[in-house]
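Q: I'm new to this one and would like to learn how to read it. Could you walk me through it, one feature at a time?

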Amino acid sequence: MNTIIGKIDKDSQDRIIAQASEILSKGGIVAFPTETVYGLGGNAYDGDVAKKIYAAKGRPSDNPLIVHIACNDDLEKLSDDIPDKAWLLAEKFWPGPLTMILKKNDRIPYSVTGGLDTVGIRMPSHPVANKLIAESGIYLAAPSANLSGRPSPTKAEHVIEDLSGRIDMIIDAGNIDIGLESTIVDLTCPVPTILRPGYITFEMLKEVLGDVELDKALMTGVGVGVKPKAPGMKYRHYAPKAQLTIVEGNTDNVINKINEMTAEEEAKGHRVGIMTTTENVSKYQGGIVLDLGSVSERLQIANHLFDELRQFDTLDVDCIFSEGFSEDGLGQAIMNRLVKAAGHKIINV
Ligand code: TXA
Ligand code: MG
């Protein structure tokens with residue numbers, strides 16, 4: 001399949017959005033930018049389109065898609081059962097990086113929701129995403145626009161690398177602002193429950209909702225007997241080709257341990273990747289060191305994480321060591337992705 005690549009600038013934006021709308025209206029699938037990561041969108045009311053999306057990503061079909069809308073009132077087109085809390089959250093956080101799980105209505109096919117009676121809904125704030133949905137009049141069922149298992153795309157190049165030749169069009173709007181996928185909150189349970197941490201933090205949700213819980217599987221980790229409520233959270237994700245190991249503890253101990261392990265690996269002739277923060281870059285004696293950003297700039301770290309995981313694949317390293325991060329605020333989302341990328345391989349020093 002020939003994939004059209006539409007690069008957005010001031011002059012081309014309207015034309016590209018019109019072209020993408022046309023493709024979507026004919027049942028095609030289009031990668032588009034959102035403020036979190038690039039998504040791969042298609043008509044959410046069309047079950048066959050959902051199947052195309054799963055096939056292009058190589059994604060298991062029991063893993064539901066998030067439906068993207070353009071204004072708060074669109075909620076009523078997807079669900080007949082909207083609790084007051086949903087309107088409250090929409091008012092406060094939309095457009096923005098928050099997905100709500102609600103009961104689905106009959107117009108949403110089960111192939112979009114992976115067989116569930118609920119649907120994930122979000123209103124993205126990226127102007128291109130917003131215009132595309134509003135102008136096409138099509139609600140977009142859209143997972144992240146990466147091949148299943150790879151890090152989510154935060155640059156158009158990542159989408160091109162994974163999906164070129166597999167989808168109808170890629171809208172290239174440059175780099176993404178946040179770089180981690182949306183926070184998912186389930187409003188169908190007695191107490192609203194976070195199924196995936198993101199830019200909208202536990203603390204921010206608690207302030208609006210009063211009561212909010214974290215899905216237990218997020219705390220214990222998959223494979224420790226608790227099944228995550230978001231089907232997608234059970235799969236190995238974001239995994240670079242080389243084994244990633246997280247080293248946690250007192251900063252000096254962490255640096256010493258990574259230096260020691262790097263020396264051991266290099267002595268065996270292995271290429272080692274190290275993920276660190278700006279403050280610590282100069283403290284490593286070997287390895288290929290990538291700087292995630294300043295430890296005090298969590299958003300920078302979030303923004304660079306997936307790109308660096310992809311870079312290590314290109315650099316062809318044999319193993320990767322990363323510093324751990326404290327899990328307050330945005331740190332919870334960063335560690336959630338890092339721990340999954342590491343397949344839960346963590347060393348405490
Ligand atoms: O930021 C984002 O959310 C991006 C952009 C494109 O909007 N999308 C994204 O989609 O990350 P995806 O498909 O890569 O991740 C969706 C996650 C999966 O873990 C899935 O299992 C969960 O949302 N999910 C979707 N619908 C659900 C539902 N009805 N119940 C529970 N979990 C659901
Ligand atoms: Mg994804």
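A: Happy to. Let's begin with how elements are named: helices and strands are DSSP runs, numbered from the N terminus. With that numbering, Asp80 can be placed in the loop between strand 4 and helix 3 (84-93). Keep in mind that this is a predicted model.

Q: Is Asp80 buried or exposed?

A: The general idea is a cut-off on relative accessible area: under 20% is buried, over 50% is exposed, and anything in between is partly exposed. Asp80 has 69% relative accessibility, so it counts as exposed. You can also look at what it comes up against in space: Asp80 and Lys103 are 23 residues apart along the chain, with 7.4 Å between their C-alpha atoms.

Q: What about the other end of that scale? Where is Glu181, and is it buried or exposed?

A: Glu181 belongs to the loop between strand 8 (169-172) and strand 9 (183-186). Its relative accessibility is 4%, so Glu181 is buried.

Q: Which side chains does the side chain of Glu181 make polar contacts with?

A: For a polar contact, look for a pair of N or O atoms within 3.5 Å. The side chain of Glu181 has such a contact with the side chain of Ser152, at 2.5 Å. Another polar contact, of 2.7 Å, links the side chains of Glu181 and Arg337.

Q: Now the ligand. Which residues come nearest to ligand 1?

A: There are 28 residues around ligand 1, and Thr36, Asn63, His68, Ser182 and Gly232 come nearest. As for its site, ligand 1 sits in the largest pocket.

Q: Which strands supply residues to the shell around ligand 1?

A: Strand 4 (66-68), strand 6 (118-122) and strand 10 (193-196) each give at least two residues to that shell. Strand 6 provides the largest share, with four residues.

Q: Which polar atoms should I look for around the oxygen atoms of ligand 1?

A: Start with His68, where a polar side-chain atom is 2.6 Å from an oxygen atom of ligand 1. Arg196 also has a polar side-chain atom placed 2.9 Å from an oxygen atom of the ligand. For Pro231, look at the backbone instead: a polar backbone atom there is 3.4 Å from an oxygen atom of ligand 1. On its own, ligand 1 has 690 Å² of accessible area, and the protein covers 97% of that.

Q: How do I spot unusual backbone geometry?

A: It helps to know the usual case: most residues other than glycine have a negative phi, and most peptide bonds are trans. Now look at the peptide bond from Trp94 to Pro95, which is cis, with omega near -5°.

Q: Where are Trp94 and Pro95?

A: Trp94 is in the loop between helix 3 and strand 5, and Pro95 is in the loop between helix 3 and strand 5 (98-103) too. With 7% relative accessibility, Trp94 counts as buried. Along the sequence Trp94 and Ser125 are 31 residues apart, and their C-alpha atoms are 7.3 Å apart in space.

Q: And what is the phi of Asp316 and of His344?

A: Asp316 has a phi near 60°, which is positive although the residue is not a glycine. Asp316 lies in the loop between helix 9 (298-315) and strand 15 (319-323), and it is exposed, at 55% relative accessible area. His344, not a glycine either, has a positive phi of about 65°. You'll find His344 in the loop between helix 10 (331-341) and strand 16 (346-348); with a relative accessible area of 37%, it is partly exposed.

Q: How many disulfides does the structure hold?

A: To call a disulfide, you need a pair of cysteine sulfur atoms within 2.5 Å. The structure holds zero of them. You can still compare the settings of two cysteines: Cys71 is partly exposed, at 34% relative accessible area, while Cys189 is buried, at 18%.

Q: Last one: where is Asn2, and is it buried or exposed?

A: Asn2 is in the segment before strand 1 (4-7). Its relative accessible area is 65%, so Asn2 is exposed. Asn2 and Val49 are 47 residues apart in sequence, and 18 Å separates their C-alpha atoms.

Technical notes
Residues numbered from 1 in each chain as written. Chains lettered and ligands numbered in written order. Predicted model: local features only at pLDDT ≥ 70, side-chain atom pairs only at ≥ 80, totals over all residues. Heavy atoms only, no water. Buried < 20%, exposed > 50% of the residue type's maximum accessible area, 1.4 Å probe, protein only. Near = heavy atom within 4 Å. Polar contact = N/O pair within 3.5 Å; in protein donor to acceptor, adjacent residues only side chain to side chain. Areas by Shrake-Rupley, 256 points an atom, 1.4 Å probe, with all protein chains shown as cover. 1 Å grid on protein atoms, 1.4 Å probe; cavity = no way out; pocket = protein on both sides within 12 Å on 5 of 7 lines; lining within 4 Å. Sits in = over half its atoms within 2 Å of the grid points.
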